[in-house]
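Subject: A structure to look through, with notes

Dear colleague,

I am passing on a structure for you to open beside this message. Please keep it in view while you read, since the notes below go through it part by part.

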Amino acid sequence: MRFRRTVSRVLGLTALALLVGAVAALLWANVSVLPRWTVYPDGHAELTDLDRTQVFSATFWYSVLAVFGGLAIGVAAWARLRRIGWPVAVITGALAVVGGLTCWWLGEVFGPGPFAERLAAAQAGDQVAVALRLQAPSALAIWVFAAVAVPLFAASLGPEMVRQEAPAVEPAPERTDVDV
């Protein structure tokens, strides 16, 4: 595969990784169940026991979306770059990081906003949801594992890709004119 074509495909896949990350961020912001602090008349706020169980909801949903987002990036990278050989795994890992960081950043932007400001403005009886935050940054690795698994499994379990070379031209047999 030519270098320009490869660079062009990698740039297209980078745009796709950004798009996958943005869609995952929208889903993450909408499906995460965020615990809510209840503000009391004396000014203190508390979490109920039920809300305490929802503290890791955001990280759970980020991880679930990371599996699907990583697989989507991995399939696209394998489909477009499988002819370049082993670098497809490295490029796929980098694309997955781009998608995961995009999801993380945009998800926090799409979330309810900074918690401290909303809590300070709350009145007695209000319930204030915590900010959408990723509690375990190591969940970003799920994007990479899911994405890189696709080309690694496809390369090891799929048909062998052999370069087709032009058939060798055999020299014509030498002619010997011998009269017997």
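A good place to begin is the hairpin formed by E1 and E2, which has five residues between the two strands, and where Gly-43 in the turn has a positive phi of about 100°. The names of such elements come from DSSP runs numbered from the N terminus, with helices (H or I) needing at least four residues and strands (E) at least two. Please bear in mind that this is a predicted model, in which local features need pLDDT of at least 70 and side-chain atom pairs count only at pLDDT 80 or more, while totals for chains, interfaces and linings use all residues. Residues are numbered from 1 along each chain as its sequence is written, and side-chain values use heavy atoms, with hydrogens and water left out.

The sheet

The hairpin belongs to an open sheet of three strands in the order E2-E1-E3, with antiparallel pairing. Its edge strands, E2 (45-46) and E3 (127-129), each pair on one side only. Two strands count as paired if DSSP finds at least two bridges between them. Strand E1 (residues 36-39) is joined to E2 by two bridges; Thr-38 stands opposite Glu-46, and Val-39 has Ala-45 as its bridge partner. On the other side, E1 and E3 are paired over three bridges, again in the antiparallel sense, and here Arg-36 stands opposite Ala-129. As a general point, strands of a sheet pair through backbone hydrogen bonds, either parallel or antiparallel.

Helix H1

How far apart are the end C-alpha atoms of helix H1? They are 41 Å apart, which agrees with the 42 Å that the 29 residues of H1 (residues 3-31) should span at 1.5 Å a residue, the expected span being 1.5 Å times one less than the number of residues. The buried residues of H1 include Arg-9, Leu-13, Val-20 and Trp-28, where buried means under 20% relative accessible area, exposed means over 50%, and partly exposed lies in between (1.4 Å probe, protein chains only). The buried residues of H1 pack against helix H3 (57-81), helix H4 (87-110) and helix H6 (140-157).

Leu-27, which is also found in H1, is partly exposed, because its relative accessible area is 42%.

The salt bridge

How many salt bridges does a search of the whole structure find? The search finds one, a salt bridge being a side-chain nitrogen of Lys or Arg within 4 Å of a carboxyl oxygen of Asp or Glu. Arg-133 forms this salt bridge with Glu-108, and the closest N and O atoms are 3.0 Å apart. The pair links distant parts of the chain, since Arg-133 lies in the loop between E3 and H6 and Glu-108 in helix H4, 25 residues apart. Arg-133 is partly exposed, with a relative accessible area of 40%, and Glu-108 is partly exposed too, at 25%.

Two further residues

Thr-59 lies in helix H3 and is buried, because its relative accessible area is 10%. Leaving aside neighbours within four places in sequence, Thr-59 is in contact (heavy atoms within 4.5 Å) with Arg-133, Leu-134, Gln-135 and Ala-136.

Gly-113 lies in the loop between H4 and helix H5 (115-121). Not counting residues up to four places away in sequence, Gly-113 touches Arg-118 and Ala-131; Ala-131 is 18 residues from Gly-113 in sequence, yet 5.8 Å away in space, C-alpha to C-alpha.

With best wishes
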